[in-house]
Amino acid sequence: MRTLASIPNLLTFARLLLAPLVFTAIVSGRDERALALFACAALSDGLDGLLARRFQQITPLGAYLDPIADKVLLSGVYLSLAIAGSVPWWLVCIIFGRDILLLISSGIALMFTGFRQFRPSVWGKASTFVQIACAIAWMGQNALPSTAIHLLAQALVWPAAGLTLWSGVHYAWRGFSFVKVH
């Protein structure tokens with residue numbers, strides 16, 4: 001029970017619970033609320049990892065749930081932004097397409113190899129960072145309409161798409177390299 005009740009794990013669960021509230025706020029046009037809830041979720045993401053490392057409360061459950069909570073939140077934000085007409089659907093398709101590719105290839109690796117550690121690459125981290133920045137820019141321009149924020153949001157769409165595609169190619173290359181060796 002200690003594993004479940006650790007503060008870092010509770011923060012991860014809180015992020016999972018906040019996710020549908022963020023999505024609902026985006027789709028219903030409550031843009032300031034969406035931005036505030038997303039900020040809380042982002043804060044919980046940074047805080048859970050910090051606390052887990054600082055107080056040696058890293059648990060298998062937390063290691064498993066944290067990336068799932070992150071992916072649920074970010075993917076849901078993009079889907080909600082597209083439904084609301086903010087981001088283009090093709091960007092959502094690229095983001096979901098890469099994630100589906102990673103899930104399928106990870107599943108295959110789990111079934112047919114002894115490989116169990118799927119560490120993020122520098123390109124995966126860069127892609128996630130730009131996706132987050134792009135989502136924040138779009139939510140920000142929806143909440144606080146200004147030309148500067150709108151231009152920033154539009155400018156981040158292409159880097160988000162490009163880095164997402166490149167990180168997918170990089171993960172595929174890493175996976176094929178691993179399979180060739182084993």
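This is a short walk through the helices of one structure and how some of them pack together.

Okay, hi everyone. One thing up front: what you have in front of you is a predicted model. I'll go helix by helix, and then stop at a few residues.

Let's start with helix α3, residues 31-54. It has 24 residues, and from its first C-alpha to its last it reaches 34 Å, close to the 34 Å expected at 1.5 Å a residue. Which residues of α3 are buried? They are D31, A34, L37, F38, A41, S44, D48, G49, L51 and A52. As for what sits over them, the cover includes α2, which is residues 7-27, along with α4 and α6. And if you follow the chain past α3, look for Q56, where phi is positive, near 50°.

Now, α2 and α3 as a pair. Their axes are 9 Å apart and the packing angle is about 165°, so the two helices are roughly antiparallel to each other. The crossing of α2 and α3 is left-handed. If you sort the residues of that contact by class, you get 16 nonpolar, two polar and five charged.

Next pair: helix α4, residues 60-83, against helix α6, residues 122-143. Here the axes are 11 Å apart and the angle is about 40°, which makes α4 oblique to α6. This crossing is left-handed as well. On the α4 side, the contact is made by L74, V77, Y78 and L81. On the α6 side, there's a longer list to click through: T128, Q131, I132, C134, A135, W138, M139 and N142. By class, that contact of α4 with α6 has nine nonpolar residues, three polar ones and no charged ones.

Then there's α6 with helix α5, residues 89-112. The axes of α5 and α6 come within 13 Å and cross at roughly 150°. α5 passes α6 in a left-handed crossing. The residues making this contact are L91, I95 and R98 from α5, and G124, S127, Q131 and C134 from α6. They divide into three nonpolar, three polar and one charged.

You may have caught a name coming up twice there. Q131 is part of the α6 contact with α4, and also part of the α6 contact with α5. So is Q131 buried or exposed? Buried: its relative accessible area is 1%. Leaving aside its neighbours within four places in sequence, Q131 is in contact with L74, Y78, I95, R98 and T164.

Over to α4 again, for D66. What does D66 touch, not counting residues up to four places away in sequence? T12, R15, D45 and D48. You've already met D48, in the list of buried residues of α3. If you want a sense of distance, the C-alpha atoms of D66 and L110 are separated by 19 Å, and those two are 44 residues apart along the chain.

Last stop is helix α7, residues 147-181, where you'll find A148. This one is exposed, with a relative accessible area of 57%. From the C-alpha of A148 to the C-alpha of W173 is 38 Å, with their positions 25 residues apart along the chain.

To recap the pairs: α2 and α3 are roughly antiparallel, α4 is oblique to α6, and α5 crosses α6 at roughly 150°. That's my tour, thanks for listening.

Conventions. Residues are numbered from 1 along each chain as its sequence is written. This is a predicted model: local features need pLDDT of at least 70, side-chain atom pairs count only at pLDDT 80 or more; totals for chains, interfaces and linings use all residues. Side-chain values use heavy atoms; hydrogens and water are left out. Axes are lines fitted to C-alpha atoms, for helices over the stretch in contact, and angles run from 0 to 180 degrees between N-to-C directions. Helices (H or I, at least four residues) and strands (E, at least two) are DSSP runs, numbered from the N terminus. Angles under 35 degrees count as roughly parallel, over 145 as roughly antiparallel, 65 to 115 as roughly perpendicular and the rest as oblique. A crossing is left-handed if the near helix is turned anticlockwise from the far one by less than a right angle, and right-handed if clockwise. Contact means heavy atoms within 4.5 Å. Ala, Val, Leu, Ile, Met, Phe, Trp, Tyr, Cys and Pro count as nonpolar, Asp, Glu, Lys and Arg as charged, and the others, Gly among them, as polar. The expected span of a helix is 1.5 Å times one less than its number of residues. Buried means under 20% relative accessible area, exposed over 50%, partly exposed in between (1.4 Å probe, protein chains only).
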